[in-house]
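Hi everyone, thanks for coming. I'll put the structure up now, and then we'll walk through a few spots together.

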Amino acid sequence: MSAFVPPEPPAYAAATLRERVARLVTEALAPAHLVIALLLLVGAHSTADWSGAGWGLLAALFCGVVPIGLISWGVRRGALTDRHIRIRRQRVVPMGASLLSVVAGVALLRVLHAPTEVGALVVAMLAGLASALAVTVWWQISLHNAVAGGTAMVLALAFGPGVLPLAAAVPLAAGWSRLVLRAHTPAQVLAGTALGGVCALAFTLLR
């Protein structure tokens with residue numbers, strides 16, 4: 001089991017410019033933010049009208065909004081250090097609860113006959129979350145980069161090779177920010193990116 005414990009991020013006032021930029025990137029590319037944005041994009045792309053965005057919004061409720069709420073509640077109770085859950089052992093319970101929320105989302109979208117692309121994306125997210133949780137039990141894999149890697153893969157699969165430069169920038173920026181803040185080792189960042197990218201392949205298999 002990993003003994004890696006990331007240091008507490010420097011206070012904003014005491015941080016260098018590089019660290020301040022890294023903190024902004026880390027916040028902007030937080031897993032839940034990427035999940036919500038990706039579901040809205042793919043949802044809007046999945047139909048010929050705006051109903052697809054509605055399906056994406058419904059999926060985002062289970063895959064992004066509920067996990068954000070669970071983490072915020074844990075932080076307010078003092079059970080979690082921060083919104084990014086810096087301490088690995090604290091991640092297991094909120095990730096497990098989030099997994100149940102995503103399972104509920106998959107079931108509801110299936111019952112309501114959501115567009116295939118939206119359903120496929122949520123299943124891919126479920127696979128990614130389950131895999132990341134299994135690894136997190138013993139090792140501090142980068143969740144930021146797991147989601148960023150999955151996001152890049154799904155963007156490329158859904159919108160074509162023209163978006164590759166923008167898609168690739170997501171995990172690169174997320175990984176850079178996590179390394180600058182010493183939240184992860186290079187191996188943890190690379191493993192997270194690879195895991196997210198592989199799990200995202202479920203999207204193209206099911207769409």
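Okay, let's begin with S98. Leaving out neighbours within four places in sequence, S98 is in contact with P67, L70 and L129. Where does S98 sit? Its place is in helix 4. And is S98 buried or exposed? The relative accessibility of S98 is 7%, and buried means under 20%, so S98 counts as buried. Its side chain isn't idle either: the side chain of S98 reaches the backbone oxygen of P94, at 2.8 Å.

By the way, keep in mind that what you're looking at is a predicted model.

Next up is R86. You'll find R86 in the loop between helix 3 (51-77) and helix 4 (92-111). Now look for a partner of opposite charge. R86 is buried, yet it has no salt bridge. The nearest side chain of opposite charge is D82, and that one is 4.3 Å away. A salt bridge needs the two atoms within 4 Å, so D82 doesn't qualify. What does the side chain of R86 reach, then? It reaches the backbone oxygen of P6, at 2.9 Å. P6 also turns up among the residues that R86 touches, along with P7, E8, P9, T81 and Q140, again not counting residues up to four places away in sequence.

Now let's move along to helix 6. Helix 6 covers residues 143-159, which is 17 residues. Here's a quick check you can do yourselves: at 1.5 Å a residue, helix 6 should span 24 Å, and its end C-alpha atoms are 24 Å apart, so the two agree. How many of its residues are buried? It's 13 of the 17, so helix 6 is largely enclosed by the rest of the structure.

Have a look at both ends, too. At the start of helix 6, a side-chain oxygen of S142 comes to within 3.1 Å of the backbone nitrogen of N145. Just after helix 6, G160 takes a positive phi of about 95 degrees.

Last stop: aromatic rings. If you search the whole structure, you get one aromatic pair. That pair is W138 and W139, with ring centres 6.1 Å apart and planes at 20 degrees, so the pair is stacked. As for how open they are, W138 has 47% relative accessibility, so W138 counts as partly exposed. W139 comes in at 21%, so W139 counts as partly exposed too.

That's my tour. Happy to take questions!

Note on methods
Residues are numbered from 1 along each chain as its sequence is written. This is a predicted model: local features need pLDDT of at least 70, side-chain atom pairs count only at pLDDT 80 or more; totals for chains, interfaces and linings use all residues. Side-chain values use heavy atoms; hydrogens and water are left out. Helices (H or I, at least four residues) and strands (E, at least two) are DSSP runs, numbered from the N terminus. Buried means under 20% relative accessible area, exposed over 50%, partly exposed in between (1.4 Å probe, protein chains only). Lys and Arg count as positive and Asp and Glu as negative; His and the chain ends are not counted. A polar contact is a pair of N or O atoms within 3.5 Å; within protein, one must be able to donate a hydrogen and the other to accept it, and residues adjacent in sequence count only if both atoms are side-chain atoms. Contact means heavy atoms within 4.5 Å. The expected span of a helix is 1.5 Å times one less than its number of residues. Rings of Phe, Tyr and Trp (its six-membered ring) pair if their centres lie within 6.5 Å; planes under 30 degrees apart count as stacked, over 60 as edge-to-face and the rest as tilted.
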